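This report describes selected strands and helices of one protein model. The sequence and structure are shown first, and the description follows.

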Amino acid sequence: MLYNAIIYRCKNTNSALHLIPQDKLLNLIDMDKIFKKYKFICASINQILENMQQWFEQDQTNIKQVQSSDTKFHTVPRSSKEMDKLLILKTFTVEAETITGQHICVSGNCPTLGNWEVNKAFVLNNTNVIRIRKNRKYCVWTGSIHLPPDQEIFFRYFMAYIVEPDDEFVKQRHIFVHSWESQQEPRRVQDETQISSSDSAFQSDMYGMNDKKLISKGFLTTECAIQFKLFDTPITFWNTKLQSKMNLVSVKMTPVPLSKLSADSGDTSPNTSSFIHEDSSSQGTDYIEKHFGWPYVECVDIPGGHSFKHQNQFGTTLQENTFHLFQTKMYNFSCVGYLFDFYLHKESSEEPPFHIGFTHILPNNMKYSNGIIISPITSVRHKPIGEIKIDYLIIKPTKDIKCTLEQLRLTDWKSNDFPLDIGHRGSGSSFKKILSDCSHIRENTIASLKEAADKGADLVEFDVQLTKDLVPIINHDFVVSMATKSKTNILAEEVEMVQIPLKDFTFEQLQKLKIYHVKEPYTLPETHFLNDVRNDYQPFPNLEKAFTDVDTSVGFNIELKWTMKLQDGTYELENPFDMNLFVDTILKTTFEFAGSRSIVFSCFHPDVCTMLKMKQNRYPVLFLTQGVTTRYPSYADPRCHSIQNAVYHATCHDLLGVNVHSEDLLRDPLQIDIVKQAGLALFCWGDDNNCKDVANKFKKLGVNAVIYDKLDKIELLKKKTSCSTKNPDVFIANNYCDQNEILLSNQQSLNDDPHLREEDKDSNRYFMDVGKASFQNQCSSTETLWNEKINDSKSPTRKQRYDCIDDGTLDPDVKPTKSKKSKADILKMN
């Protein structure tokens, strides 16, 4: 009676309160305690309506705030029936291969599903029902939640580890993404009919839609990833008998808790003094699981492993010439130490191995993002028996960017029907030995990037480093040159060029000082292209300017320049920045200014590639590798030694693909098949790509992108149907040629410089410095083939056979050299 009276009054007064459900009206009436006696109904009705009108207006304001936070939330006029169905119950059911500790969660574009935020996602319940499909066990996860009826709902499933508060180590709940559905278009709940029909108990989704390619590895949220690497004879036993049985030794890594930190100290830094928790070595993983929730340890061996596997009971057996990697993730870095146990197996016995020793690694042993630890090995009788060398890597989440599960528009690199043309350092390198291969615009400048874009490049490749004041700038070499004169003899004309690391200059200093490329002569005509004073032609532009000034339709291949350790133990650059700081700074600028531009990151250092992948989920990452080469010295890291090892690293860390050296592909084109069968994208860099025939051969064999200097505007504007493959994702490469069968013209005379303006052809003309430099510390990431001598003989050298004539075609006048293939085979190849 009361409800009907209020509704009648509301309609007569043109109020919208009649749209409010009956239960809400009556509950509010009870709360206000206005109707304790029925005789006051008529006298109090006006006061009731005023209170209800205020409540209704506040409710509408809250709804508008929710709508403004989600652009896909569309409001429509609602009837009384729709208001009765303000929320619709939706049941999510999905099958997934999960193990103990893992959960399946749902994230979507509405508040009840967290608006794509990980920590606000809806967690499903494990029904403990197991379904067998193709001899694989799938757990059934389900959960019901109310969804708004007037919103188009998009969602994704993701697999996670959940850490609950324990009032000791963890203060609040954390959800860590182990993997997530990364298909371009998320799942969709279309309308009420589909919602109700999909709630059948007999229907369920499949995690990843039964396609592993649609599942990506998780990204860091608030946890850290810790990696330990064993390679290059990491263990030395002082007992000769143990040393001789190294192939029977296995290593197991176990996280162990440290003593509780003082609540008053508030110090959670990696350098905090810590102590191993009493009896932690015996409690091991079980104790960690109780306190931390996800104490898994993963391992992979390279070569041999395409994916991480959970650690065995007795760890990993050491093998010669193998890269062993242990990985775990922890929330409170300073609260966990790491126990390494060593076991000796018997050659022909199924008996358990013998525990021979152990060592501990504490957080204060790892002061930087990466480094090397040498720790003593102690026997079970507490005697030193040897030592172990461990390379470690700490990957921290990036604080300046926020990753969600909402997939943005990304380039489908792997299935692109037309191979991409990428401008090397913009429109080409400016400092090559052969002048016809040099760009007429200084490399890695805004003008060079624009020139490549105007010529039709799909992407432009450039190198990024940091200045002393942490500004990301575009430049290739780690060092630059400055001109100095004698203090004592001011009139002396001789000038000495001093090389200084680029990281020692601030951004302002680089813009004001006259700084030279290490191969740039001191004296050049004012009208030479390297002396162009226009802003876009100046070296050392910052990354932000590239994002704002270059056409957004052109993608960026951003190579992060990080120092590499060479096989002889030296480094390309000493005392670099902290690796986490370096990567975070470049990511921050990219996320802030990239917009809708297509971007792919790359780096020669495998750990930087791993960081780029784990710190974000928006942009793909390529592993740059030089592989087997005679042109550059080898890197110390085994992951860089071959294309095969690069493929192992890329697959186990879920990278987009590999960017390989053209020299290695020409040596063995069948390696293209290795990359493709692993499901990776394949990019190719190298001086050989400056020859059209070489670049086109790579494209026809299925290379997804070719990076080269000599972009041809006319060629790039043509349709690329001749370069497409029927199935770009899977194909078998044929061994079509070897390096000796690609015959190119003799190099152009250095006296004929096409970059000089007409009025400057005089005795002071520009001549490139081609003096042979020291081989030490020269490699593909920092040097080109400038150190090769010029051969004036009539017979072409190996280097000369690889150099194209000015228009990039093969010279018909060059005679073929001896080859294992017949002449008929060569003609068939062409």
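Which residue of β18 is the bridge partner of M253? The partner is F340. The model in which this pairing is found is a predicted one.

## Strand β18 and its neighbours

Strand β18 spans residues 336-344, and nine of its nine residues are buried; β18 is therefore largely enclosed by the rest of the structure. V336, Y338, F340, F342 and L344 point one way from β18, while G337, L339, D341 and Y343 point the other way. Residues of both sets are buried, D341 included. In a regular strand, side chains alternate between the two faces of the sheet.

Two strands pair with β18. Strand β13, residues 249-257, runs antiparallel to β18 and is joined to it by nine bridges. Strand β19, residues 354-361, is also antiparallel to β18, with seven bridges between them. In this second pairing, L344 lies opposite F354 of β19.

## A four-stranded open sheet

Four strands form an open sheet in the order β4-β5-β1-β9, and their pairing is mixed. The edges are β4 (125-133) and β9 (205-206), each of which pairs on one side only.

At the β4 edge, the partner is strand β5, residues 136-147. β4 and β5 are antiparallel and share six bridges. Within this pair, N125 is placed opposite T142 of β5.

## Helix α8

Helix α8 covers residues 446-454, and its buried residues are I446, A447, S448, L449, A452 and A453. These buried residues pack against two strands, β23 (459-466) and β24 (472-474), and against helix α10 (543-549). Just after α8, G456 adopts a positive phi of about 100°.

## The packing of α11 and α12

Two packed helices are described by the angle between their axes and the distance between the axes. For helix α11 (residues 579-593) and helix α12 (residues 606-615), the angle is about 50° and the axes are 10 Å apart. The two helices are therefore oblique to each other, and their crossing is right-handed.

On the α11 side, the contact is made by M579, N580, V583, D584 and L587. On the α12 side, the contributing residues are D607, V608, M611, L612 and K615. By class, this contact comprises six nonpolar, one polar and three charged residues. An α-helix has 3.6 residues a turn, so residues three or four places apart point the same way.

How values were computed: Residues numbered from 1 in each chain as written. Predicted model: local features only at pLDDT ≥ 70, side-chain atom pairs only at ≥ 80, totals over all residues. Heavy atoms only, no water. Pairing = 2+ DSSP bridges. Axes fitted to C-alpha atoms, helices over the stretch in contact; angles between N-to-C directions. Parallel < 35°, antiparallel > 145°, perpendicular 65-115°, else oblique. Left-handed = near helix turned anticlockwise from the far one by under 90°. Contact = heavy atoms within 4.5 Å. Nonpolar A, V, L, I, M, F, W, Y, C, P; charged D, E, K, R; others polar. Buried < 20%, exposed > 50% of the residue type's maximum accessible area, 1.4 Å probe, protein only.
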